[in-house]
Amino acid sequence: MAVTTSQQGTDRAPQGGCYGVQVLIAGRRKRWRDEVVGQIRRAGFSTTACDSGVDALTVLALGLPVDVLVIDVSLSGALCCAKVAVEARALRPGLRIVMASDLSQPNLQELAGEVADIELIAHAARTGAVAHTVREALSSRGIH
């Protein structure tokens with residue numbers, strides 16, 4: 001199980017709960033996770049990164065604070081990205097979920113159709129779009 005946690009490095013970072021804004025990132029590709037973690041940290045948020053859907057759901061089931069879940073759409077297998085999103089929403093009904101990919105995904109809209117109220121991003125890691133979308137997801141929840 002590969003789970004890494006990093007803390008925000010600025011006093012001016014947006015605040016969520018008593019732990020600040022926490023973003024959980026789930027993706028099997030280390031390079032993608034590292035790029036997304038970097039974006040999120042530069043935006044001033046704390047991150048926890050997991051290399052599988054099982055690990056991400058474990059973090060949620062344990063009750064650790066998470067404001068936004070970012071899932072790499074390339075997660076496949078028994079717990080593909082859509083199933084992780086469905087299970088995450090069952091565990092935490094108000095959780096903001098972002099599905100992101102830096103690969104061409106022709107079925108991205110179809111994947112998002114399985115869970116209501118999900119943000120979608122294509123070619124996310126290289127454009128800085130994940131951090132921007134996380135900010136939008138937080139502002140729609142009233143966390144600034």
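Which residue follows helix 2, and what is the sign of its phi? The residue that follows helix 2 is G63, and its phi is positive, near 85°. The legends below describe a predicted model.

**Figure 1. Overview of the protein chain in the predicted model.** The protein chain contains six helices and six strands. Read from the N terminus, its elements follow the order β-β-α-β-α-β-α-β-α-β-α-α. Of the 144 residues in the protein chain, 51% are buried. The area exposed by the protein chain is about 6,900 Å², and carbon and sulfur atoms supply 51% of it. Among contacts between residues at least 6 apart in sequence, 67% join residues that are at least 24 apart.

**Figure 2. Close-up of the packing of helix 2 against helix 3.** Helix 2 spans residues 53-61 and helix 3 spans residues 81-91. The two helices pack at an angle of about 5°, and their axes are 10 Å apart. Because angles under 35 degrees count as roughly parallel, helix 2 is described as roughly parallel to helix 3. On the side of helix 2, the contact is made by G53, L57, L60 and A61. Helix 3 contributes V84, E87, A88 and L91. By class, the residues of this contact comprise six nonpolar, one polar and one charged.

**Figure 3. Close-up of the buried residues of helix 3.** The buried residues of this helix are C81, A82, V84, A85, A88 and R89. They lie on the same side of helix 3, because they cover an arc of only 160° around the axis.

**Figure 4. Close-up of helix 2 and the surroundings of L60.** The buried residues of helix 2 are G53, D55, A56, L57, V59 and L60. L60 has a relative accessibility of 3% and therefore counts as buried, the cut-off being under 20%. Leaving aside residues up to four places away in sequence, L60 touches L24, V66, L69, A88, L91, R92 and L95. One of these residues, R92, is 32 residues from L60 along the chain, and the C-alpha atoms of the two are separated by 7.6 Å. Helix 2 is followed by G63, the residue with the positive phi.

**Figure 5. Close-up of I121 in strand 6.** Strand 6 consists of residues 118-121, and I121 lies within it. Is I121 buried or exposed? With a relative accessibility of 5%, I121 counts as buried. V98 stands 23 residues from I121 along the chain, and their C-alpha atoms are separated by 7.6 Å.

**Figure 6. Close-up of R42 in helix 1.** Helix 1 is formed by residues 30-42, and R42 belongs to this helix. The relative accessible area of R42 is 67%, so this residue is classed as exposed, a term that applies over 50%. R42 and A131 are separated by 89 residues in sequence, while the distance between them in space is 8.4 Å, C-alpha to C-alpha.

Notes. Residues are numbered from 1 along each chain as its sequence is written. This is a predicted model: local features need pLDDT of at least 70, side-chain atom pairs count only at pLDDT 80 or more; totals for chains, interfaces and linings use all residues. Side-chain values use heavy atoms; hydrogens and water are left out. Axes are lines fitted to C-alpha atoms, for helices over the stretch in contact, and angles run from 0 to 180 degrees between N-to-C directions. Helices (H or I, at least four residues) and strands (E, at least two) are DSSP runs, numbered from the N terminus. Angles under 35 degrees count as roughly parallel, over 145 as roughly antiparallel, 65 to 115 as roughly perpendicular and the rest as oblique. Contact means heavy atoms within 4.5 Å. Ala, Val, Leu, Ile, Met, Phe, Trp, Tyr, Cys and Pro count as nonpolar, Asp, Glu, Lys and Arg as charged, and the others, Gly among them, as polar. Buried means under 20% relative accessible area, exposed over 50%, partly exposed in between (1.4 Å probe, protein chains only). The arc is that of the directions from the helix axis to the C-beta atoms. Accessible areas come from the Shrake-Rupley method with a 1.4 Å probe; for residues, only the protein chains shown count as cover.
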